[in-house]
Amino acid sequence: MAAQGYVQTSLIWVAYAVAVVLAFIAASVTTFTWQTPRDRSAIVSIVAIISLTALLATVFLLPVDIALVSSTTSTGLGVKKDWATPKRVDNILLTLKIVYYSLYSFDALLCLLVIPFSYFWYEEYDEVEEQEGNQTFGSRLWGAFKYTIAFILLVVIIFLVGFFVPAAGSRGDGKHLDLDFFKRLLDENHGEKALTFGVGLLITLGTLLYVLYTGAGLALLPVSFIKSAPSMSAPQLSENTASQLEQNRERQRQLEMRNAGRAEGMPNKDRRELDALAREERTLVRRERLAAEAQGEGKTFIVKAWSKICAVFRPLKLIGGILLIVIALLIWVSMLITGIDKAANSVCKEHCGYILAHINVFQPMNWIFVQTAKAFPVDYVLMALLILLFFSSSISGIAAIGIRFLWLRIFQIRKGRTMPQALLIATVMLALIILGINYAVAMMVAPQYASYGTQTFCDLPPSFPFSRPDCSETPDAVKPCSEWADARERSGHRQQQMCTPTVMSTFLNRVTLNWPVFGAVAFWAQFAFLGVFLIVFLTSLFRTPRLNLSELDEEAEADEEEGLLASTGRRFGATWQDITGRPKRGSNGSGSGNGAGSGV
């Protein structure tokens, strides 16, 4: 039986290692896809890839945490498995704690030191100074380190405050700490307390970003799937544009030839028409270039093949968008139910960050995870996909909103046009948002499942002293684990022996209990998240985004052409033409009236 336990835990860690490798591939593809080719920097690319991989590894650790603690318990009997001795369980928790602390510390190091240094290193580069020999490697290194000193001092201050300042939870009167579960959360050394304070501060900052960017992205991501199918295929657009461009240039030649011999010059009417034709020609040239890029001209075989694959699966994006809307609304309802339940039924309220003993109202997401746990490993895959959905929504929100200071846009995040500075700042924002996502998933979306997984306990007294309770004859006495059960006066002590909370939930509860202000901010911010999601979702359904005319001319024209490709009507016909690479014959004139009038 001991060998079975080793095999099961080993398989879980192997699956996690595979997920980290896939995260590294996804981080590499994401970095090179979003970064502008003209201003690529090796150190920026490397730091961004490592940071994104570390962030994904951190969020994917929650399903591993749940799987490991759940594997120690026999769900049907409500008892620990024979191999899950207290020593083995402690070793599993110790391993998880080491990995968690290592990843959180590494993320904090990247966010507060490595990424700022990389940012200043890139900013210190001066091509002219380097060519003239006035800028050396040492001077550039000192210039970047000089500005990074402020962040080093910030890290030291955060650590010292967390190390020496007594936790708020330890100064309480103890009236709300009547359970061993809460008291154990206060048992920590000064090093853990300092890390708890630092992570709690970063969680609070990340939650504020999570409210804006993840809330908006979760609403925009499904809608973007639905509105992404083009009404005109790339081959059809190329053929129509070539025809319109030929007619435009022919008309310009006619005007120039007609007024070539006039001594008084070209009349004002013809001059205005010629200027309009010249503007239209520039638009058509950009449209022709866009169509050529969409068809993969000048691209490698892999890029062309990927374009074909995307065209094949394009109709499925509509179905996927509808499915994502259903999932997003289900998440919204579940978080609202949990928030109201915590606000109304948490025994310690703001003193412990609204920790909820057990769910008092039916919660859809938590119920789905508990039911799918019967078919191993569906629940763990769903949890990983849920976290990936939040992460993707955060990227979508950053891309849609951009990097702003109040209402001023500092950097814009766009595919193939993201500056290195913007990429590094976006990575820091994602690092902070990940902390907010961890809190939301573990404390709001599926709180009971994220805390105890599929663990159960037998709510019966033991038949003999020092023996385990036996629920083999009374399955109704098997209850899901929680911080305490309704019958805690009779079986609370045994429940604490049977139920093992996840390391993530323990750590988050420790943060909110020791530093209640962090817990209160993180909790009430979830309602702001729900409000942002609802506003953006309703707005995106009934309002078409308008082109920003203040952007550079080339980007504005590209956006205009992308808007043409994303308009409604004739979607499936355009998809088939993109797959075959040939336009529909006999439709040369369709859309030809959109020449100059298709502008803004």
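This is a short walk through one chain, from its overall make-up to a disulfide, a surface patch and a single helix residue.

Before anything else, please keep in mind that what we are looking at is a predicted model, and that the values I quote are computed from it. The chain has 600 residues, of which 47% count as buried, and its secondary structure consists of 21 helices and six strands. If we take the contacts between residues at least 6 apart in sequence, 81% of them join residues that are at least 24 apart. As for the surface, the chain exposes about 29,800 Å², and carbon and sulfur atoms supply 66% of that area.

Let me turn to the cysteines. How many disulfides does a search of the whole structure find? The search finds one, and it is formed by Cys-481 and Cys-499, whose sulfur atoms lie 1.9 Å apart. The pair links distant parts of the chain, 18 residues apart, with Cys-481 in the loop between strand S6 (478-480) and helix H17 (488-498), and Cys-499 in the loop between H17 and helix H18 (503-514). The angle about the S-S bond is -75°, and the link of Cys-481 and Cys-499 is left-handed. Are these two cysteines buried or exposed? Cys-481 has a relative accessibility of 2%, so it counts as buried, and Cys-499, at 5%, counts as buried as well. Another cysteine, Cys-111, is also buried, with a relative accessible area of 7%.

Now to the surface, where Ile-309, Val-312, Phe-313, Leu-316, Leu-318, Ile-319, Ile-322 and Val-326 make a nonpolar patch of about 720 Å². The elements that give two or more residues to this patch are helix H11 (301-312) and helix H12 (314-345), and it is H12 that provides the largest share, with five residues. One of the patch residues, Ile-319, is found in helix H12, and because its relative accessibility of 55% is over the 50% cut-off, Ile-319 counts as exposed.

I would like to stay with helix H12 for one more residue, Thr-338, which is found there too. Here the picture is the opposite one, since Thr-338 has a relative accessible area of 3%, under the 20% cut-off, and is therefore buried. Which residues does Thr-338 touch, if we do not count those up to four places away in sequence? They are Gln-363, Met-443, Met-444 and Pro-447. So, to put the two side by side, helix H12 holds both the exposed Ile-319 and the buried Thr-338.

Technical notes
Residues are numbered from 1 along each chain as its sequence is written. This is a predicted model: local features need pLDDT of at least 70, side-chain atom pairs count only at pLDDT 80 or more; totals for chains, interfaces and linings use all residues. Side-chain values use heavy atoms; hydrogens and water are left out. A disulfide is a pair of cysteine sulfur atoms within 2.5 Å. Helices (H or I, at least four residues) and strands (E, at least two) are DSSP runs, numbered from the N terminus. Buried means under 20% relative accessible area, exposed over 50%, partly exposed in between (1.4 Å probe, protein chains only). Patches are made of residues with over 30% relative accessible area and no salt bridge: like charges are joined within 9 Å, nonpolar side chains (Val, Leu, Ile, Met, Phe, Trp, Tyr) within 5 Å. Accessible areas come from the Shrake-Rupley method with a 1.4 Å probe; for residues, only the protein chains shown count as cover. A salt bridge is a side-chain nitrogen of Lys or Arg within 4 Å of a carboxyl oxygen of Asp or Glu. Contact means heavy atoms within 4.5 Å.
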